[in-house]
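Subject: Structure handover

Hi,

Here is the structure I promised to pass on. Please open it next to this email; my notes follow below.

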2 protein chains.
Amino acid sequence: VKFAGTHLLVDLWGADRLDEPDLIDATLCAAALAAGATILHSHFHHFSPNGGVSGVVVLAESHISIHTWPERGYAALDIFMCGTCNPYKAIPMLKQAFTPSSVQVGEQRRGLIA
Amino acid sequence: VKFAGTHLLVDLWGADRLDEPDLIDATLCAAALAAGATILHSHFHHFSPNGGVSGVVVLAESHISIHTWPERGYAALDIFMCGTCNPYKAIPMLKQAFTPSSVQVGEQRRGLIA
């Protein structure tokens, strides 16, 4: 079975520090490197003081994105990686930074050629 | 049922013009606007002449990303939108620009609070 890449949809609940764009940027870049990816570009937007953060890290092997709702302790991430990267290795960095009480991970294989 | 946003995973097969970063940028921005979203930032990377394109449009309402494999006629997109946007309205713009022979759309509701 060949496929273009593994796309993880990761939901964090009961998470902290979701209103800190600098921490989020550093964490996603560290998570990308932990997965074996190469960072091409990152961009983060802070919606208002103490508000949510949206951002993305564009990788040579696809991307990581995050959108946070700090008032609910909720963050939606996606981690899409092709090649020899292992996107699951990004998850411990997220747990360490945001200390979520629960983490849900869904896996989609994109571009499947049976 | 409340949820944070609708996340579409869109696969294009048999698609054209997947090695044209300017067209891809313009198409994703047009798709975002068609869905009712507000563009905050966009970034596209062209891997080599005639090669694949990776990029993202960061929205006030989440993001659109694309990764293309022109040699296979394949592109993997995700369209994540919260608020009153309708991400399905982005899809006709993709069909018009890339003329895929088939389109697969999967929907995930992120941040579901039953």
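Let me begin with one threonine. Thr68(A) sits in strand E4 of chain A, which covers residues 62–69. Bear in mind throughout that this is a predicted model.

Is Thr68(A) buried or exposed? Its relative accessible area is 6%. The cut-off for buried is under 20%, so Thr68(A) counts as buried.

What does its side chain reach? There are two backbone partners to look at. One is the backbone oxygen of Leu18(A), at 2.7 Å from the side chain of Thr68(A). Another is the backbone nitrogen of Val53(A), with a polar atom of the Thr68(A) side chain 2.9 Å away.

Which residues does Thr68(A) touch, leaving out those up to four places away in sequence? The list is Leu18(A), Ile24(A), Gly52(A), Val53(A), Tyr74(A) and Ala75(A). Leu18(A) and Val53(A) are thus on the contact list, and they also supply the backbone oxygen and the backbone nitrogen just described.

Now the threonine in chain B. Thr68(B) is placed in strand E4 of chain B, residues 62–69. Thr68(B) has a relative accessibility of 7% and counts as buried. A polar atom of its side chain lies 2.7 Å from the backbone oxygen of Leu18(B). The side chain of Thr68(B) also reaches the backbone nitrogen of Val53(B), at 2.9 Å. Neighbours within four places aside, Thr68(B) contacts Leu18(B), Ile24(B), Gly52(B), Val53(B), Tyr74(B) and Ala75(B).

Two backbone angles deserve a look on screen. As background, most residues other than glycine have a negative phi.

- Ser62(A): phi is positive, about 125°, and the residue is not a glycine. Ser62(A) belongs to strand E4 of chain A. Ser62(A) is buried, with a relative accessible area of 2%.
- Thr99(B): phi is again positive, near 40°, in a residue other than glycine. Thr99(B) lies in the loop of chain B between helix H2 (91–98) and strand E6 (102–110). Thr99(B) is partly exposed, at 43% relative accessible area.

So much for single residues. Next, chain A as a whole.

How many helices and strands does chain A have? It has two helices and six strands. Along the sequence they run β-α-β-β-β-β-α-β. The radius of gyration of chain A is 14 Å, and the globule rule gives 13 Å for 114 residues. Those values are close, so chain A is as compact as a globular protein of that length. The C-alpha atoms of chain A fill a box of roughly 45 × 30 × 20 Å along the principal axes.

Some totals for chain A:

- Burial: 54% of its 114 residues count as buried.
- Contacts: among those between residues at least 6 apart in sequence, 60% join residues at least 24 apart.
- Surface: the accessible area comes to about 4,700 Å², and carbon and sulfur atoms account for 50% of that.
- Charge: there are 7 positive and 10 negative side chains, and the centres of the two sets lie 12 Å apart.

If you have time for one view, start at Thr68(A): a buried residue in strand E4, with its side chain reaching the backbone oxygen of Leu18(A). Then go to Ser62(A), in strand E4 as well, for the positive phi.

Best wishes

Note on methods: Residues numbered from 1 in each chain as written. Chains lettered and ligands numbered in written order. Predicted model: local features only at pLDDT ≥ 70, side-chain atom pairs only at ≥ 80, totals over all residues. Heavy atoms only, no water. Helix = DSSP H or I, 4+ residues; strand = E, 2+ residues; numbered from the N terminus. Rg over C-alpha atoms; globule rule 2.2 N^0.38 Å. Buried < 20%, exposed > 50% of the residue type's maximum accessible area, 1.4 Å probe, protein only. Contact = heavy atoms within 4.5 Å. Areas by Shrake-Rupley, 256 points an atom, 1.4 Å probe, with all protein chains shown as cover. Lys, Arg positive; Asp, Glu negative; His and termini not counted. Charge placed at Lys NZ, Arg CZ, Asp CG, Glu CD. Polar contact = N/O pair within 3.5 Å; in protein donor to acceptor, adjacent residues only side chain to side chain.
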